[in-house]
Amino acid sequence: MHILIDLYLTFTKVGSMMFGGGYAMLPILQREIVDNKKWATTEQLTDYYAVGQCTPGVIAVNTATFIGSQQAGIAGGVAATLGVVTVPAILILIIAAFLSSFMDSVIVAHAFSGIRACVTALILASVVKLFKGAVKDWPTRIIYITVLLLAAAGNFLAAPERLALVWETITSPVFLVIISGIAGLAIRSVQRSKKGGGEE
Amino acid sequence: MIYIRLFFEFCKVGLFAVGGGLATIPFLSDLGSRTGWFTSGQLADMIAVSESTPGPIGINMATYAGYTAAGVPGGIISTLGLVFPSLIIILIIAGFLNKFRESRVVDAVFYGLRAASVALITAALLQVAEIALMNHEVNGTTQLFYWPAVVLASVVFVCFSYTPLRKIHPIFFIAFSAVVGIVLGM
């Protein structure tokens with residue numbers, strides 16, 4: 001199969017299973033992209049998510065664009081992006097015609113209580129895998145814990161009144177990702193100068 | 001022309017919303033009040049729909065607003081508008097990273113980034129878990145944990161991580177859980 005068609009169809013499949021937004025896509029991506037297609041390793045998937053979280057746009061779409069373009073350049077990025085939005089767009093067009101009756105259905109509500117619980121478990125399973133690949137030593141453990149605490153505080157706690165702007169900044173994914181990148185750079189260069197004594 | 005306007009308005013939403021689906025909501029609510037394409041009530045409905053269909057909220061809202069403003073072509077054009085800016089930006093970043101893949105600097109940056117990425121996903125997981133497993137109302141009183149959901153999630157996690165069932169595609173666990181939800185009336 002031509003790579004562009006393969007990318008489009010694979011991401012159409014991923015897009016049709018993406019219940020619960022961008023993070024819920026993670027277990028599906030691990031299965032389809034890492035295990036089945038071998039288009040990326042678990043570490044690369046984490047990298048793409050990092051970029052997806054600090055660039056404009058929807059994380060799910062950004063990740064699809066990234067993987068597609070790594071496989072087949074610009075055309076690959078476009079094919080994967082179109083693939084991932086196809087099924088959601090068609091479904092919404094159908095639902096838009098009878099929106100209220102869909103939402104009022106008791107059966108749909110029960111089904112989604114079950115799905116939400118399941119998606120929580122699947123994301124947890126993905127996080128365990130990503131954690132093993134990304135958090136391996138003390139510096140990364142410290143980055144992980146610091147970022148988790150700040151991001152969770154930003155999600156769950158209201159901003160202190162006077163410091164609202166500062167609070168929103170230091171708990172935003174963009175800020176946390178950029179600072180962690182700088183920290184990674186700093187830590188690696190310190191490690192290297194200790195080891196090599198600056199012989200490079 | 002309405003199609004061109006839809007495309008550019010959703011381009012703007014796609015360009016400024018950083019950090020995923022929920023980040024688009026303030027921009028969408030501003031867009032709705034400026035253009036009258038959709039009301040805040042419709043936006044709230046759409047957030048609920050997005051929680052229960054595959055697909056990110058930003059995409060869903062663009063499709064829906066475009067549809068209400070200009071029919072099926074409107075829905076398609078708005079969706080393309082929303083993904084257009086990030087498509088360009090990611091293509092540029094991906095090209096840059098390919099060029100510098102062997103660079104020690106890029107490797108060091110991702111050494112830190114990767115840990116932060118997993119931490120951000122963990123934080124998002126906590127939010128999902130709170131909605132799915134906690135603060136459930138039963139007969140008028142709010143319970144801290146919604147036990148049927150906690151048990152279901154635990155069973156899925158153990159089966160998907162530690163048993164031979166891990167070979168099964170995740171979508172079957174999702175379908176199974178939907179059936180459990182309906183049968184138990186969760």
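Here are some exercises with worked solutions on a predicted model of two chains, A and B.

## Exercise 1: How confident is the model?

Find the mean pLDDT of chain A and of chain B, and say where confidence is lowest and highest in each chain.

**Solution.**
- Step 1. Start with the scores for the model: ipTM is 0.81 and pTM is 0.79.
- Step 2. Take chain A. Its mean pLDDT is 85, with 93% of its residues at 70 or more. Within chain A, helix 5 has the lowest confidence, a mean of 64, and helix 1 has the highest, at 93.
- Step 3. Now chain B. Here the mean pLDDT is 84, and 93% of the residues reach 70 or more. The lowest confidence in chain B falls in helix 3 (residues 40-51), with a mean of 73, while the highest is in helix 6 (residues 147-162), at 93.

## Exercise 2: Describe chain A

How many helices and strands does chain A have, and what share of its residues is buried?

**Solution.**
- Step 1. Count the elements: chain A has nine helices and zero strands. Read from the N terminus, the order is α-α-α-α-α-α-α-α-α.
- Step 2. Look at the extent. A box of roughly 65 × 50 × 25 Å along the principal axes holds the C-alpha atoms of chain A.
- Step 3. Turn to burial: of the 200 residues in chain A, 50% are buried.
- Step 4. Check how far along the sequence contacts reach. Taking contacts in chain A between residues at least 6 apart in sequence, 56% join residues at least 24 apart.

## Exercise 3: Domains

How far apart are the C-alpha centres of the two domains in chain A, and in chain B?

**Solution.**
- Step 1. Find the bounds. The domain assignment splits chain A into domain 1 (1-132) and domain 2 (135-200).
- Step 2. Give the separation: the C-alpha centres of these two domains of chain A are 27 Å apart.
- Step 3. See how they touch. Domain 1 of chain A brings four residues to the contact and domain 2 of chain A brings five. On the domain 1 side, helix 3 of chain A gives the most, with three residues. That side consists of three nonpolar residues, one polar and no charged.
- Step 4. Repeat for chain B, where domain 1 covers 2-99 and domain 2 covers 146-186. Their C-alpha centres lie 32 Å apart.

## Exercise 4: Where the chains meet

Which helix of chain A gives the most to the side that touches chain B?

**Solution.**
- Step 1. Begin with the totals: 93 residues of chain A and 82 residues of chain B take part in the contact.
- Step 2. Pick out the helix. Helix 6 of chain A gives the most to this side of chain A, with 23 residues.
- Step 3. Sort the residues by type. The side of chain A that touches chain B has 62 nonpolar, 26 polar and five charged residues.
- Step 4. Visit the largest nonpolar core, which has 117 residues; among the members that touch the most others are A:Cys118, A:Ala121 and B:Ala153. Beyond four places in sequence, B:Ala153 touches A:Ala117, A:Cys118, A:Thr120, A:Ala121, B:Ala132 and B:Leu133.

## Exercise 5: Helix 2 of chain A

Why is helix 2 of chain A described as largely enclosed by the rest of the structure?

**Solution.**
- Step 1. Count its buried residues: nine of the twelve are buried, so helix 2 of chain A is largely enclosed by the rest of the structure. They include A:Met25, A:Arg31 and A:Ile33.
- Step 2. Name the surroundings. These buried residues pack against helix 1, helix 3, helix 4 and helix 6 of chain A, and against helix 5 (104-133) and helix 7 (170-184) of chain B.
- Step 3. Look past the end: A:Lys38 follows helix 2 of chain A and has a positive phi, near 55°.

## Exercise 6: Two residues of helix 4

Is A:Ile67 buried or exposed, and what does A:Asn62 contact?

**Solution.**
- Step 1. Place A:Ile67 in helix 4 of chain A. It counts as buried because 27 C-beta neighbours lie inside 10 Å, and the cut-off for buried is 20 or more.
- Step 2. List partners of A:Ile67 beyond four places in sequence: A:Ile33, A:Trp39, A:Ala40, A:Tyr48 and A:Ala80. The C-alpha atoms of A:Ile67 and A:Ile33 are 8.7 Å apart, though 34 residues separate them along the chain.
- Step 3. Move to A:Asn62, also in helix 4 of chain A. A:Asn62 is buried, with 28 other C-beta atoms within 10 Å.
- Step 4. Beyond four places in sequence, A:Asn62 contacts A:Val51, A:Gly52, A:Thr55, A:Gly57, B:Ser86 and B:Ile90.

Conventions: Residues are numbered from 1 along each chain as its sequence is written. Chains are lettered from A and ligands numbered from 1 in the order in which they are written. This is a predicted model: local features need pLDDT of at least 70, side-chain atom pairs count only at pLDDT 80 or more; totals for chains, interfaces and linings use all residues. Two residues are in contact if their C-beta atoms, placed from the backbone, lie within 7 Å. Helices (H or I, at least four residues) and strands (E, at least two) are DSSP runs, numbered from the N terminus. Ala, Val, Leu, Ile, Met, Phe, Trp, Tyr, Cys and Pro count as nonpolar, Asp, Glu, Lys and Arg as charged, and the others, Gly among them, as polar. Domain bounds come from an automatic or database domain assignment. pLDDT is the predictor's confidence in each residue, from 0 to 100. A nonpolar core is a set of buried Ala, Val, Leu, Ile, Met, Phe, Trp, Tyr and Cys residues joined through C-beta atoms within 7 Å.
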